[in-house]
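Ready for some practice in reading a protein model? Take a look at the sequence and the structure, then try the exercises.

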Amino acid sequence: MDFQETSVQRELRALTRKFVEKELFPHVQEDEAAERFRPEWIRKLGDLGLTGIPLPESLGGAGLGYQEAIATIEELAAGGAAYAISVAVTGLTQSILNQFGNESQKSKYIPPLAEGKAIGAFSLSEASSGSDAGSLRTTAKKSGDHYLVNGTKLWTTQGDSADTLILMARTGEPGPKGISAFIVEKGMSGLQIGKREKKMGCHSSHTVELVFNNAKIPVENRIGQEGQGFTIALNALDAGRINIGATALGIARAALDVAVNHARHREQFGKAIADFQGVSFLLADMKVQLDAARLLVQRAAWMKDQGLPFTQEAAIAKVFSTDMAMRVTTDAVQVLGGSGYTQDFPVERYMREAKVLQIVEGTNQVQRLVIGRALAKGK
Ligand SMILES: Cc1cc2nc3c(=O)[nH]c(=O)nc-3n(C[C@H](O)[C@H](O)[C@H](O)COP(=O)(O)OP(=O)(O)OC[C@H]3O[C@@H](n4cnc5c(N)ncnc54)[C@H](O)[C@@H]3O)c2cc1C
């Protein structure tokens, strides 16, 4: 295994970092306060070739792999988690369509998503089904050449701006085997955007309720077979967890940079606080954790790129890197003392952004279930 990044990975990282420094970072604080999401930045990222990295070139992607995609996600997250999340969620949509869609669904929906001209979303969770997603209640009843969809979905990231949404709804028996996946287009009749969550952080990334009231989805918009939806969702979330890991790396790295810079320049008792062992060991532990998490995220991405099974490795990477980001950002606030608790420095934002990563795409408790179950089966 090669621990050095390839020239392509370095190039993608540099390209993203330039965008972050010029556009994203200077506006992040005001946009977070205003809960403002800028779809035009997704178009710009698309123009730079950064919104469909692991998709085939024939479908508007860059024809590269997850090892390349995570370099871009990490850099975006270092600037502001909302845009890393946006690109990752659109990536989830693309990857479902690419893996499970038929030829006409692929050619119609993937290119605009891969080129940054369209935004994707993924709607699985409901009020009564979060970790237990297989118990979802939204129904899709077949009636001639369409399905009639009724129910309320919760927590859909960028559900208000998405052009193409993947919806999980019940077409059959109770439990995971009765769920099917559908493509929903923006503005379809019978779909209403409901309340927007007031959150702890990631304010520029909108999280909304979606209300389906006799919404008519054409049969041709079903992805795969009836009853295949849950398998599709789990499969997509495995890959999504690698992106969550990369987001954690970006946030933690940015927090460590701020903490180190502060520790080198802030003087107390006549010397830089970085020279106190108590602070220096804190910084050293942050770096150790960050580097270890990076290796786990890279391993999961590498396994996916090799076509190897990677469910357990993605879960391990997600748990470790997001728990790491929570610890590192909390310690970064500590290193900055009182200043760390103010909005004059970004570390309090990083801490709030890190928290959600322990919850989304399967909580870290659920990831431990996945890892523990695999161990119990002797894997
Ligand atoms: C900002 C944000 C964005 C989101 N975006 C999306 C999205 O785009 N699409 C989407 O479909 N969903 C999305 N979600 C939903 C997210 O996936 C769920 O919040 C998550 O799966 C947890 O479900 P829950 O909130 O219902 O918590 P619950 O499932 O009620 O869990 C509550 C607690 O119980 C624990 N728990 C539950 N079951 C077990 C168990 N068996 N063993 C041990 N512990 C357990 C959990 O780990 C957690 O600590 C988003 C959530 C947030 C906060």
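Below are three exercises on this predicted model, each with a worked solution.

**Exercise 1.** Work out how helix α3 and helix α6 are placed relative to each other.

*Solution.* Start by finding the two helices: α3 covers residues 66–79 and α6 covers residues 229–265. Next, look at their axes, which come within 7 Å and cross at roughly 40 degrees. An angle under 35 degrees would count as roughly parallel, and 65 to 115 as roughly perpendicular, so α3 is oblique to α6. Finally, the handedness: this crossing is right-handed.

**Exercise 2.** Describe the residues through which α3 and α6 meet.

*Solution.* On the α3 side, the residues include Tyr66, Ile70 and Ile73. On the α6 side, they include Ala239, Ile242 and Arg253. Now sort the residues of this contact by type: 11 are nonpolar, three polar and three charged.

**Exercise 3.** Find the cavities of 30 Å³ or more and say what lines them.

*Solution.* Begin with the count: there are two such cavities. The largest holds about 120 Å³ of space. Its lining has 14 residues, and Pro54, Ala69, Ile73, Val87 and Gly91 lie nearest its centre. Helices α3 and α4 each give at least two residues to this lining, which divides into eight nonpolar, six polar and no charged residues.

Then turn to the second largest cavity, with a volume of about 30 Å³. Among the residues lining it are Leu24, Glu32, Tyr83 and Glu353. Here α1 and α4 each supply at least two lining residues, and the lining divides into five nonpolar, two polar and two charged residues.

Conventions
Residues are numbered from 1 along each chain as its sequence is written. This is a predicted model: local features need pLDDT of at least 70, side-chain atom pairs count only at pLDDT 80 or more; totals for chains, interfaces and linings use all residues. Side-chain values use heavy atoms; hydrogens and water are left out. Axes are lines fitted to C-alpha atoms, for helices over the stretch in contact, and angles run from 0 to 180 degrees between N-to-C directions. Helices (H or I, at least four residues) and strands (E, at least two) are DSSP runs, numbered from the N terminus. Angles under 35 degrees count as roughly parallel, over 145 as roughly antiparallel, 65 to 115 as roughly perpendicular and the rest as oblique. A crossing is left-handed if the near helix is turned anticlockwise from the far one by less than a right angle, and right-handed if clockwise. Contact means heavy atoms within 4.5 Å. Ala, Val, Leu, Ile, Met, Phe, Trp, Tyr, Cys and Pro count as nonpolar, Asp, Glu, Lys and Arg as charged, and the others, Gly among them, as polar. On a 1 Å grid over the protein atoms alone, a cavity is a set of points where a 1.4 Å probe fits but cannot get out, and a pocket is an open set with protein on both sides within 12 Å along at least five of seven lines; lining residues have an atom within 4 Å of a point. Grid points are joined across faces, edges and corners, and a volume is the space filled by probe spheres set on the points.
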